[in-house]
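Hi everyone, thanks for coming. I'd like to walk you through a ligand site today, so let me put the sequence and the model on the screen.

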Amino acid sequence: MKILLPLILGSVLMFDSALAADADIESRVAASKQVVQAFFGELKGELVKAMKQGGPVNAIQACNVSAPAIAQAASEKHNMTVGRTSLRLRNPDNSPDAWEAGVLAKFEERRAAGESPAKMAYFEVVENDGVRTFRFMKAIGMPPLSKMPCLKCHGREINPKVAAKLDALYPADNARGYRPGQIRGAFTISQPM
Ligand code: HEC
């Protein structure tokens, strides 16, 4: 009994703090999902507006200027770093780090195994030199043209004027030639704990 009681108490305490840690992670995951949804909504809004105003050539400029600005604003508002990344980049500023590249590769494996990119997400607490960071990624699928205009700038048949503008802005563009259903990239969030 003398040994057993502290043992029992100890494991109850450990169980408690494990539950608290779980709740903390759960709330970070929920917040991340919300931030991604809001970020995507805002991006799509800007894109559709710019396409209506001046077609895809005009909208490239909108993407080029507003995507990083929207990401920056979302990051400041939610105290997390929010961005987009991909294994096939248009803007080299969006390059994945090693952890992100690994998750994107796993997303590709999951898609190859039949999973739809629509709900694909992953999170992990990453520890580096004793510093813990919450990291979250959500896949971005490539929708068909009937649903969204993404393929006009990322697809296999791109209007020559659009292509010329992309060439001028992104000489190393690798984000063309996509087909519907593929993974275009992912939203990525990191937050110090
Ligand atoms: C009018 C042309 C255009 C359309 C339409 C478009 N994009 Fe893009 N996309 C761009 C440009 C330009 C960039 C580079 C933005 C930057 O400089 O950060 C980009 C970047 C991206 C990135 C960031 C990774 C990278 O390669 O730099 C993702 C992810 C992405 N687009 C997905 C989409 C999705 C999904 C859609 C449809 C909802 C879409 N795009 C529609 C032009 C477009």
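Before we look at the metal, one definition: a donor here is an N, O or S atom within 2.8 Å of the metal, and water is not among the atoms, so a site may look incomplete. Please also keep in mind that this is a predicted model.

So which protein residue is the donor of the iron atom of the ligand? It's His-154, through NE2 at 2.1 Å, and there is no other protein donor.

Let's stay with His-154 for a moment. This residue sits in helix 3. Is His-154 buried or exposed? With a relative accessible area of 16%, it counts as buried, because the cut-off for that is under 20%. Its side chain also makes a polar contact with the side chain of Arg-90, at 3.4 Å. Beyond its sequence neighbours within four places, His-154 touches several residues, including Met-142, Tyr-178 and Arg-184.

Now the wider surroundings. There are 21 residues around the ligand, and those that come nearest are Arg-90, Cys-150, Cys-153, His-154 and Arg-184. By class, the shell holds 13 nonpolar residues, plus four polar and four charged ones.

On to the polar contacts. A polar backbone atom of Arg-90 is 2.7 Å from a ligand oxygen, and Asn-91 places a polar side-chain atom 2.8 Å from an oxygen of the ligand. Arg-84 has a side-chain N or O atom 3.4 Å from a ligand nitrogen.

Finally, which elements give two or more residues to the shell? Those are helix 1 (4-78) and helix 3 (151-154), and helix 1 gives the most, with seven residues. Thanks, everyone!

How values were computed
Residues are numbered from 1 along each chain as its sequence is written. This is a predicted model: local features need pLDDT of at least 70, side-chain atom pairs count only at pLDDT 80 or more; totals for chains, interfaces and linings use all residues. Side-chain values use heavy atoms; hydrogens and water are left out. A residue is near a molecule or strand if one of its heavy atoms lies within 4 Å of it. A polar contact is a pair of N or O atoms within 3.5 Å; within protein, one must be able to donate a hydrogen and the other to accept it, and residues adjacent in sequence count only if both atoms are side-chain atoms. Helices (H or I, at least four residues) and strands (E, at least two) are DSSP runs, numbered from the N terminus. Ala, Val, Leu, Ile, Met, Phe, Trp, Tyr, Cys and Pro count as nonpolar, Asp, Glu, Lys and Arg as charged, and the others, Gly among them, as polar. Donors are N, O and S atoms within 2.8 Å of the metal (3.2 Å for Na, K and Ca); water is not among the atoms, so sites may look incomplete. Buried means under 20% relative accessible area, exposed over 50%, partly exposed in between (1.4 Å probe, protein chains only). Contact means heavy atoms within 4.5 Å.
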